[in-house]
Amino acid sequence: MFADLSAEDIDTFADMVQYRTYPKNSFIVNQNDIGSTMYLLVSGRVKVSLASPDGKELALNYLEAPAHFGEMSLVDAEPRSADVIAVTDVELFSLDAKDLSSAIQLNPRLALSLIATLSRRLRHTIARLEDMAFHDATHRVMRVLLNVATASYETRGVPVIQGLTHYDIATLAGTSRETASRIISNLAKEGVVATKGRKIVVDLIKLRERLEGQ
């Protein structure tokens, strides 16, 4: 997002942000709160989720550093649309709305980066709705595995899923933990994934072929 900033602009931008840390399981953003800050995730993983009045939770996404969140409230001045919870201990930078405007003046391409992020997240939401409406649990679980493993490959060079339980995967796929575990077990038998302790290593080519085959 900030790759095009010059060294001088980065120094200026560094004066705009505040360094923060949050321990595991703490709330960084609360749904319906008025927000004027976006966050740049430096290390760790967070969960974006919705909670119903009776305590049920729907996980919308998991974000792993480097990532950013909370920018929607800066753009539309509306309350926060979801909770953001630290899944691990996290480090991040916070950026206020007024400072975001200054940052965009430093580099107008930042505005395009934000628009691109919002567009990707909208496409992701549409894809999830499509999966829920038109595809079975097996397809949805495979889609979650593919998305998470691809993100891991892009950030760390290894298509591995770690830190997510079968329950977490099931929640993202809109199915039960038992169903998700059965599907992952079947994929392991087919050589599409390999489980190593609490990690799931994904063969991205085989998984894409399996999805295309469906």
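Here are some short exercises on a predicted model of a protein chain, each with a worked solution.

**Exercise 1. Confidence along the chain**

Find which elements have the lowest and the highest confidence in the protein chain.

*Solution.* Start with the whole chain: its average pLDDT is 86, and 100% of the residues score at least 70. Next, turn to the elements. Confidence is lowest in helix H2, residues 71-76, where the mean is 78. Confidence is highest in strand S1, residues 18-22, at 95.

**Exercise 2. Two helices that pack**

Work out how helix H5 is oriented relative to helix H7, and which residues make the contact.

*Solution.* First, locate the pair: H5 covers residues 137-156 and H7 covers residues 177-189. Their axes are 10 Å apart and meet at an angle of about 75°. Angles of 65 to 115 degrees count as roughly perpendicular, so H5 is roughly perpendicular to H7.

Then list the residues on each side. H5 contributes Ala137, Thr138, Val141, Met142 and Leu145. H7 contributes Thr179, Ala180, Ile183, Ile184 and Leu187. Finally, sort them by class: the contact has eight nonpolar residues, two polar ones and no charged ones.

**Exercise 3. The largest nonpolar core**

Determine which element gives the most residues to the largest nonpolar core.

*Solution.* Begin with the core itself, which has 28 residues. Those with the most contacts inside it are Val141, Leu145, Ile161, Ile169, Val193 and Val202. Several elements supply at least two residues each: strand S5 (57-64), H5, helix H6 (166-173), H7, strand S11 (199-202) and helix H8 (204-213). H5 gives the most, with eight residues.

Now take Val141 as a closer example. Apart from its neighbours within four places in sequence, Val141 is in contact with Ile169, Ala173, Thr175, Ala180, Ile183 and Ile184. There is also a second, separate core, which has 16 residues, including Ala65, Ala67, Ala82 and Val84.

**Exercise 4. Ile161 in its surroundings**

Is Ile161 buried or exposed, and which residues does Ile161 touch?

*Solution.* Place the residue first: Ile161 lies in strand S9, residues 160-161. Its relative accessibility is 1%, and buried means under 20%, so Ile161 counts as buried. Leaving out residues up to four places away in sequence, Ile161 touches Leu145, Val148, Ala149, Arg198, Lys199, Ile200 and Val202. For a contrast, try Leu112: 49 residues separate Ile161 from Leu112 in sequence, and their C-alpha atoms are 30 Å apart in space.

**Exercise 5. Two residues of one loop**

Describe Ala82 and Pro79, and say how buried or exposed each one is.

*Solution.* Take Ala82 first, in the loop between H2 and strand S7 (83-86). Ala82 has a relative accessible area of 8% and is therefore buried. Its C-alpha atom is 5.7 Å from that of Ser49, although the two are 33 residues apart along the chain. Beyond its neighbours within four places in sequence, Ala82 is in contact with Val29, Asn30, Gln31, Val48, Ser49, Leu50 and Leu60.

Pro79 is found in the loop between H2 and S7. With a relative accessible area of 35%, Pro79 is partly exposed. Residues touched by Pro79, not counting those up to four places away in sequence, are Asn32, Asp33, Ile34 and Ser73. Asn30 is 49 residues from Pro79 along the chain, with 9.3 Å between their C-alpha atoms.

**Exercise 6. Backbone details**

Locate the cis peptide bond, then examine the phi values of Asn25 and Asn32.

*Solution.* The cis peptide bond joins Ala65 and Pro66, with omega about 0°. Pro66 sits in the loop between S5 and strand S6 (67-69).

Asn25 is not a glycine, yet its phi is positive, about 75°. This residue, Asn25, is in the loop between S1 and strand S2 (27-29). Asn25 is exposed, with a relative accessible area of 54%.

Asn32, also a residue other than glycine, has a positive phi near 75°. Asn32 belongs to the loop between S2 and strand S3 (37-43). A relative accessible area of 56% makes Asn32 exposed.

Methods. Residues numbered from 1 in each chain as written. Predicted model: local features only at pLDDT ≥ 70, side-chain atom pairs only at ≥ 80, totals over all residues. Heavy atoms only, no water. pLDDT = per-residue confidence, 0-100. Helix = DSSP H or I, 4+ residues; strand = E, 2+ residues; numbered from the N terminus. Axes fitted to C-alpha atoms, helices over the stretch in contact; angles between N-to-C directions. Parallel < 35°, antiparallel > 145°, perpendicular 65-115°, else oblique. Contact = heavy atoms within 4.5 Å. Nonpolar A, V, L, I, M, F, W, Y, C, P; charged D, E, K, R; others polar. Core = buried A, V, L, I, M, F, W, Y, C linked by side-chain atoms within 4.5 Å. Buried < 20%, exposed > 50% of the residue type's maximum accessible area, 1.4 Å probe, protein only.
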